[in-house]
2 protein chains.
Amino acid sequence: MDTRLNPPAPLDLDGWIATQLDRVERALDRWVSVDASADMEHHAPADLMAAMRYAVLDGGKRLRPLLVLAAFEAVSSGLTHDYLPVEEGDEEVARRGAADPDLSGFMAGEAALRGACAVELIHAYSLVHDDMPCMDNDVLRRGKPTVHVQFGEASALLAGDALQALAFELLTPEGTRIESAKQAHLCRLLARAAGCAGMAGGQAIDLASVGLKLTEDQLREMHRLKTGALLQASVMMGAACGESTPAVQAALQSFGAAIGLAFQVVDDILDVTADSAALGKTAGKDAEQDKPTYVSLMGLSGARAYAQTLHGQALAALGSTGLVDTRVLRGLAALVVDRTN
Amino acid sequence: MDTRLNPPAPLDLDGWIATQLDRVERALDRWVSVDASADMEHHAPADLMAAMRYAVLDGGKRLRPLLVLAAFEAVSSGLTHDYLPVEEGDEEVARRGAADPDLSGFMAGEAALRGACAVELIHAYSLVHDDMPCMDNDVLRRGKPTVHVQFGEASALLAGDALQALAFELLTPEGTRIESAKQAHLCRLLARAAGCAGMAGGQAIDLASVGLKLTEDQLREMHRLKTGALLQASVMMGAACGESTPAVQAALQSFGAAIGLAFQVVDDILDVTADSAALGKTAGKDAEQDKPTYVSLMGLSGARAYAQTLHGQALAALGSTGLVDTRVLRGLAALVVDRTN
């Protein structure tokens with residue numbers, strides 16, 4: 001049945017998010033775990049895995065995974081996707097693969113779920129390292145003690161390192177029917193967004209900018225790399241799991257850039273206007289550490305107006321994709337701009 | 001011409017190593033560098049790259065890259081490989097690719113060189129993080145100040161993180177003719193070897209074992225993960241770039257396991273017998289930190305005998321591959337056992 005000819009049902013964004021969050025949480029719980037077949041002589045890798053799970057599970061808004069899955073659905077509008085409870089997992093995939101050689105739609109959904117979890121692992125590792133004493137020296141994250149407070153600095157360092165490796169392991173499963181080209185493409189997008197010309201480079205700018213006056217261009221550059229690159233990669237990874245033309249990819253890239261920057265502008269606003277309880281992390285740290293922010297550059301009302309401008313740019317970019325149904329992506333963009341924590 | 005029918009020329013191991021080291025150094029110099037097209041508003045990513053280059057270039061025995069390239073050559077014996085100076089790089093690859101659709105041998109060599117450099121980046125990042133104050137707190141590495149001494153702790157943390165991301169970026173180049181299946185396979189092997197069930201897990205055991213008495217099984221498990229996994233992955237990545245049967249891969253895996261463990265046994269011996277100048281790092285640290293080692297477990301002569309046993313196992317595994325020419329791999333195994341630094 002070609003559902004493209006039917007008018008789309010009204011969007012239940014909350015329902016969509018709840019469904020996808022449930023998939024993501026269960027997938028992370030399954031994939032960030034000790035391989036029972038590993039049969040270790042020593043408990044330390046299991047202890048390390050405990051720190052990794054602490055960093056990843058039971059917390060976080062999962063914005064990046066939701067963007068991956070929403071972008072994947074947007075480029076796949078009109079196709080039927082068959083989601084499988086992740087617990088059934090590999091055996092079920094193998095069974096279906098043997099019975100039905102054309103699992104391309106199903107495997108695309110599996111690739112998107114892996115992409116969603118991989119990008120969250122990169123985000124989670126960056127928070128673990130960012131919170132360490134030699135970086136931001138923060139003791140509270142998502143309302144809980146940070147990983148180095150809970151497990152010690154050395155374990156936090158190793159847990160972050162292992163989470164990054166696990167992200168790339170998730171993207172390259174053995175013996176699945178996810179096309180190799182898709183696996184390699186997802187690795188490429190994620191590696192670039194995480195590295196020196198992406199997230200890590202942005203954090204280097206952040207470190208080097210404490211106490212300095214940045215121009216708006218320099219501030220934008222910092223955030224384009226520090227948070228924007230991974231948010232943009234989330235959108236691109238979702239698109240890469242489906243089928244999309246270069247024109248659609250370019251429009252989605254603009255969308256990702258706009259909401260990536262909007263996310264940071266709102267972050268700067270919330271650091272001033274929200275309290276630590278609502279944020280689940282220490283509020284007011286930017287001013288205390290004399291970090292340049294959009295609020296220090298533009299004032300509070302200027303920063304709020306800029307967030308609205310970026311929201312408009314994001315919606316315009318989405319409109320230019322020509323995709324049939326971008327309502328979930330629009331809904332997520334609104335959540336980014338209107339969030340309170 | 002099928003060269004398999006001709007007797008192989010006498011092996012010039014030193015010449016082979018010099019040639020391959022030159023290729024690897026030039027490739028690392030090219031690939032661990034700021035993308036000139038990036039046009040950054042801020043110098044910090046370039047400063048971060050300086051720390052990454054300091055960690056990677058101009059030092060190190062490059063054992064892992066040599067293993068990748070030697071294993072690749074061993075599974076490719078009799079095939080002609082056409083190495084290109086890496087500076088000519090991408091444009092030349094594109095030109096040849098357009099002129100000649102069958103570049104499979106050439107592209108396999110390119111994949112092996114990328115694999116060689118990627119595994120070295122993982123090794124280099126692990127040293128940067130391992131030297132940090134919250135881990136081994138070492139100030140000397142390869143005869144130079146460690147990265148955190150030279151650039152500060154935060155930059156060392158970020159440089160390590162960015163090096164890991166760059167490793168996976170190197171393995172998934174865009175617009176080359178390296179098969180996607182090969183790219184994904186290389187990422188899979190490297191990610192597993194680097195993560196919780198590999199190098200990071202082994203370092204967690206190492207941390208948890210200070211001051212404890214380990215059994216020989218526990219000590220072997222620690223080193224199988226901490227250094228063995230990446231050395232073994234080097235061999236497997238080289239094999240993955242060529243064509244090899246599952247039986248050959250299994251034999252090479254045994255070879256990699258044996259030399260991986262031998263490497264660590266020799267490391268433990270050298271920590272006792274060599275001085276800091278010869279090692280390029282602080283000697284005697286194991287005993288000072290009360291770390292379990294093969295020397296503390298078996299005594300010096302026992303550890304030396306065990307290294308010889310492992311050497312024998314490695315050669316037996318190589319013999320069982322049935323490969324035509326494994327002389328370079330045999331030569332590298334001898335270097336691992338007989339090295340003095």
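Helices here are DSSP runs of H or I with at least four residues, and strands are E runs with at least two. On that basis, chain A holds 15 helices and two strands. The model is predicted. Two topics follow its fold: one helix pair in chain A, and the relation between chains A and B.

**Chain A overall**
- Chain A has 341 residues, and 52% of them count as buried.
- Take the contacts in chain A with a separation of 6 or more: 77% of them join residues 24 or more positions apart.

**Helix pair α3(A) and α15(A)**
- Helix α3 of chain A spans residues 63-75, and helix α15 of chain A spans residues 327-338.
- Their axes come within 8 Å and cross at roughly 150°.
- Angles over 145 degrees count as roughly antiparallel, so α3(A) and α15(A) are roughly antiparallel to each other.
- On the α3(A) side, the contact is made by Leu66(A), Leu67(A), Ala70(A), Ala71(A), Glu73(A) and Ala74(A).
- On the α15(A) side, Val328(A), Leu329(A) and Leu332(A) meet them.
- The residues of this contact divide into eight nonpolar, no polar and one charged.

**Chains A and B**
- A turn of 180° with a shift of 0.0 Å along the axis lays chain B on chain A.
- The RMSD of that superposition is 0.0 Å.
- The two copies are therefore related as by a two-fold rotation axis.
- Both copies use the same surface: 100% of the contact residues of chain B recur in chain A.

Conventions:
Residues numbered from 1 in each chain as written. Chains lettered and ligands numbered in written order. Predicted model: local features only at pLDDT ≥ 70, side-chain atom pairs only at ≥ 80, totals over all residues. Axes fitted to C-alpha atoms, helices over the stretch in contact; angles between N-to-C directions. Parallel < 35°, antiparallel > 145°, perpendicular 65-115°, else oblique. Contact = placed C-beta atoms within 7 Å. Nonpolar A, V, L, I, M, F, W, Y, C, P; charged D, E, K, R; others polar. Least-squares fit on C-alpha atoms with pLDDT ≥ 70 in both. Buried ≥ 20, exposed ≤ 12 C-beta atoms within 10 Å, placed from the backbone.
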